[in-house]
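Reader: I am new to this structure and would be grateful for a close look at one part of it, the surroundings of the ligand. Please set that part within the whole chain and say how far the model may be trusted.

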Amino acid sequence: MVYFGVGCSGLATVGMVGTDPMVGPPGPLRRYANAACGRRGGRGLDDIIGLSPRFMQGKQTRLETLETFHRALAAGERFHGYLANYRGDGTKYRVEIDCRPLRAADGRIENFVSFEREVIRRLGRPAGSAAGRYEPIGVSNDALTGALSALSVFKHT
Ligand SMILES: Cc1cc2nc3c(=O)[nH]c(=O)nc-3n(C[C@H](O)[C@H](O)[C@H](O)COP(=O)(O)O)c2cc1C
C-alpha cells in the first residue's frame with residue numbers, strides 16, 4: 001500500500017496496473033492504475049479504470065506480441081515484452097511491460113499486475129534481442145525502484 005501511495009502522489013515513473021483475472025474480452029479489466037499510467041497515456045485515471053488495456057493498442061501494436069501476451073496470461077505465466085501503445089491524442093509510444101499473475105493460496109489467479117515503463121529504440125546499435133533494442137526513458141529513483149529490483153521487475157531471465 002505504501003508503494004501505491006507513492007504512485008498516487010505523482011512521483012513514480014513506473015506505471016502499475018492491476019486487473020481482474022479474465023483473460024478474454026471484455027477482460028482483463030483494469031481495477032487499479034497509478035498516476036504514472038494516467039500521465040503516460042495522457043488520460044485521466046477515471047477514464048481508464050474498468051477498461052481492458054486493449055484500448056491503448058493501434059496500427060503498430062504487433063499482433064504477434066499480443067498473441068504471446070495472451071498465451072502467457074492464459075497459461076498463468078509472466079509476460080515480459082515491448083509494445084507500441086497510443087496516447088489519448090493518438091501519438092505512439094513504446095512501453096516495456098512486466099506482467100504477472102497474483103494467485104490465491106489455492107493457486108487460483110485472482111488478479112494480474114503489471115509494471116510498465118516507457119522505452120525508446122536505441123539508435124545506431126545492431127538489432128539483437130529486444131532488450132538490446134530498447135532503453136528506458138526517465139530513470140526513476142523513487143521509493144519503488146529498490147522494491148521493483150528486489151522483485152526482478154524488468155529483468156530478463
Ligand atoms: C495487468 C495487465 C496490463 C496490461 N497492460 C497492457 C498495456 O499497457 N498495453 C497493451 O497493449 N496491452 C496490455 N495488456 C494486454 C491486453 O489486456 C491483452 O491481454 C492483450 O491484448 C492480449 O490479449 P488479446 O489477444 O486477447 O487481445 C495488459 C494485460 C494485463 C493483464
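Author: It is best to begin with confidence. In this protein, helix α4 has the highest confidence, with a mean pLDDT of 98, whereas helix α1 (residues 2-8) has the lowest, with a mean of 37. The pLDDT stays below 50 over residues 1-10, a stretch that nevertheless has 17 contacts in the model beyond near neighbours in sequence. Where pLDDT is low, the predicted coordinates should not be read in detail. The model is a predicted one, and the mean pLDDT of the protein is 87, with 90% of its residues reaching 70 or more.

The overall plan comes next. Six helices and six strands make up the secondary structure of the protein, and along the sequence they follow the pattern α-β-β-α-α-α-β-β-β-α-β-α. Of the 157 residues, 24% are buried. Among contacts between residues at least 6 apart in sequence, 45% join residues at least 24 apart.

With this plan in mind, the ligand can be considered. There are 23 residues around the ligand, and those that come nearest are P28, P53, H70, F112 and S114. The elements that give two or more residues to this shell are β1 (15-19), α4, β3, β4 and β5. By class, the shell has 13 nonpolar residues, eight polar ones and two charged ones.

Three of the contributing strands may be followed in order. Strand β3 (residues 79-86) runs antiparallel to strand β4 (residues 92-103), and eight bridges join them. At one point of this pairing, Y86 stands opposite K92 in β4. The two strands form a hairpin with five residues between them, and in its turn G90 has a positive phi of about 95 degrees. Strand β4 also runs antiparallel to strand β5 (residues 109-121), to which 10 bridges join it. Within that pairing, R100 has V113 in β5 as its bridge partner. The hairpin of β4 and β5 likewise has five residues between the strands, and there G107 takes a positive phi near 95 degrees. In a regular strand the side chains alternate between the two faces of the sheet.

Helix α4 (residues 63-75) is another contributor to the shell, and L66 lies in this helix. L66 has 14 other C-beta atoms within 10 Å and is therefore partly exposed, since a residue is buried only at 20 or more and exposed at 12 or fewer. The C-alpha atom of L66 is separated by 9.6 Å from that of R54, although the two residues are 12 apart along the chain.

P28, one of the residues nearest the ligand, is found in the loop between β1 and β2. The peptide bond from G27 to P28 is cis, with omega near -5 degrees. A second cis peptide bond joins P25 and P26, with omega of about 10 degrees, and P26 also has its place in the loop between β1 and β2 (30-33). Most residues other than glycine have a negative phi, and most peptide bonds are trans.

Unusual backbone values appear elsewhere too. In the segment after α6 (144-150) lies S152, whose phi is near 60 degrees, a positive value in a residue other than glycine. F154 is found in that segment as well, and its phi, also positive, is near 70 degrees. S152 has 12 C-beta neighbours inside 10 Å and so counts as exposed, while F154, with 18 other C-beta atoms within 10 Å, is partly exposed.

It remains to describe the nonpolar cores. The largest consists of 10 residues: V14, M16, V17, A33, A36, C37, F115, L144, L148 and V153. Each of β1, α2 (35-41) and α6 supplies at least two residues of this core. Apart from this core lies another, of eight residues, among them L83, V95, F112 and V119. F112 thus links two parts of this account: F112 belongs to that second core and is also one of the residues nearest the ligand. As for the largest core, its member A33 touches V17, G38, L45, I48 and I49, when residues up to four places away in sequence are not counted.

Definitions and conventions: Residues numbered from 1 in each chain as written. Predicted model: local features only at pLDDT ≥ 70, side-chain atom pairs only at ≥ 80, totals over all residues. Pairing = 2+ DSSP bridges. Helix = DSSP H or I, 4+ residues; strand = E, 2+ residues; numbered from the N terminus. Near = placed C-beta within 6 Å. Nonpolar A, V, L, I, M, F, W, Y, C, P; charged D, E, K, R; others polar. Core = buried A, V, L, I, M, F, W, Y, C linked by C-beta atoms within 7 Å. Contact = placed C-beta atoms within 7 Å. pLDDT = per-residue confidence, 0-100.
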